[in-house]
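Hi,

Here is the structure I said I would pass on. Have a look at it first, and then read my notes underneath.

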Amino acid sequence: MNYIPHDADDVRSMLKTIGVDSVDALFEGLPPEARLAREMKLPPALTEPELRARFASLAAETRTDVVSFLGAGCYEHFIPAAVDAISSRGEFLTAYTPYQPEASQGSLQAFFEFQTLIARLTGCEVSNASLYDGATALAEAVLMARHATGRENVVISAGLHPEYRAVVETYLRNVAPEIRTLAHDAGRIGAEALKEALAGEPAAVVVQSPDFFGVVHHWEPLVKSARDAGALLIAVADPISLGLLKRPGELGADIVVGEGQPLGIPRSFGGPGFGFLATRMDLVRRMPGRLVGEALDRHGRKGYVLTLQAREQHIRRERATSNICTNHALLALRATIYLSLMGPKGLRSVAELCLAKAHYAAERLAAIPGVRLRFKDAPFFCEFAVELLKDAAKVRAGAIAQGIDPGVDLGRFDPALSRTLLVAVTECRTKAEIDRLADVLRKEVAS
């Protein structure tokens, strides 16, 4: 009972109060096949000193001396110390939106500023106060598009992150009759493939840029084709890239979503992050989550309020657009601090460093016998795919043993890509580390 606040007497008292004889009686409404008919196989409880020792031993197993070129949606970027200092203040240290929001003016103002920053970053008119992560933000955007157009089918680019696609397919499993794949040739989306995919009145066209393989796509022809087909274009964007590339909302994308982890959030073994979603003002009432607005009280003083919430617990179920009603408050706050500290010039500098270092790395790796760029003629930002003569998993294991993690083995997503590495290079990597990557990869491919 070390970590359970209620002892046996407490449990008996609570059961008596609600009129049942046992804890099992609370679950009689569940069918027997859905209930576990045995004791849970849990180890004995540890004392606090034993638990600390256990965690210390687990932490000691984690290598901290490996230089990482991992990406695929989760990136190492420099985080200014002020982000940690401000976000850890007691006024802000919550992972959840306050349930009495108007009493939390500081938090609401932070969310309001977050919305403004995301809208400016994406080139859109309005943003919500964040979502759970990039994948669910995309799934919610697809639902938005289906509600707005009255259509059902969805077109998804082959360059979309496979895990994002899996989340969208889960959301649409019982409601969308068809999810089409928009093929690409050598990393590029061709006009004929786009025309073929858009046949059949789709609700939305989903394109990621830079995509899962790092390739940057041009938004203008995609926007025009989607619009001509009566579909909404949903852009999945890397927020750091928007410090340098043209903003998709500015170029006509209807909804812009993405993962906010690069904006001042540590990788933390893959999470948590937060999702952002921005759109046109005429779609605002179909937007999921929360929208913070600015208002005046009866004395003319400025204040902040939760203006729109589209969840079924707040409005009539048949008019609800989502069951999402919250946001990743603390992480959205960190992004607000990060973007405020960096400003447009700082964000552009980070993006330029990522671009320059990634292209230097690509040149070094492409010069190695047995290594070639998978999409050598396609533009890329900070991430690129390389094909090897050997199995990528084996090459990666050998490189890690030498203190270099050369990238993500794409065979984990598709067996046909078992000899392909996805290499990410951010501003955190030095020239010496990139040169070391090239030396190690040369050795591993040749061995």
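Below is what I found, going from a strand in the interior to the salt bridges and then a patch on the surface.

Before you start, keep in mind that this is a predicted model.

**Strand β12**

I'd begin with strand β12, which covers residues 383–388. Of its 6 residues, 6 are buried, so the strand is largely enclosed by the rest of the structure. In a regular strand, side chains point alternately to one face of the sheet and the other. For β12, one side carries Glu383, Ala385 and Glu387, the other carries Phe384, Val386 and Leu388, and both faces are covered.

What does β12 pair with? One partner is strand β11 (residues 371–373), which runs antiparallel to β12 and is joined to it by 3 bridges. There, valine 371 sits opposite leucine 388. β15 also pairs with β12 in the antiparallel sense, over 5 bridges. Glutamate 383 has alanine 424 of β15 as its bridge partner.

**Salt bridges**

How many salt bridges does the structure hold? There are 24. I picked out a few to look at.

Two of them sit within helices. In helix α1, arginine 12 bridges to aspartate 9, with the closest N and O atoms 2.2 Å apart. These residues are 3 apart in the helix, so about one helical turn separates them. In helix α8 (residues 219–228), lysine 224 and aspartate 228 are 4 residues apart, again about one helical turn. Their closest N and O atoms are 2.9 Å apart. Lysine 224 is exposed, at 55% relative accessible area, and aspartate 228 is exposed too, at 58%.

There is also a network: Glu76, Arg267, Arg429 and Glu433 are joined by salt bridges that share partners.

Another one to look up is the salt bridge between arginine 412 and glutamate 163, at 3.8 Å from N to O. This pair links distant parts of the chain, 249 residues apart: arginine 412 lies in the loop between β14 and β15, while glutamate 163 belongs to helix α6. Arginine 412 counts as exposed because its relative accessibility is 60%, above the 50% cut-off. Glutamate 163, at 41%, counts as partly exposed.

**A nonpolar patch**

Finally, which residues form a nonpolar patch on the surface? They are Ile18, Val23, Leu26, Phe27 and Leu30, with about 440 Å² of accessible area together. Isoleucine 18 belongs to helix α1, which spans residues 8–18, and it is exposed, with a relative accessible area of 54%.

Cheers

How values were computed: Residues numbered from 1 in each chain as written. Predicted model: local features only at pLDDT ≥ 70, side-chain atom pairs only at ≥ 80, totals over all residues. Heavy atoms only, no water. Patch = residues over 30% accessible without salt bridge, like charges linked within 9 Å, V, L, I, M, F, W, Y side chains within 5 Å. Areas by Shrake-Rupley, 256 points an atom, 1.4 Å probe, with all protein chains shown as cover. Salt bridge = Lys/Arg side-chain N within 4 Å of Asp/Glu carboxyl O. Helix = DSSP H or I, 4+ residues; strand = E, 2+ residues; numbered from the N terminus. Buried < 20%, exposed > 50% of the residue type's maximum accessible area, 1.4 Å probe, protein only. Pairing = 2+ DSSP bridges.
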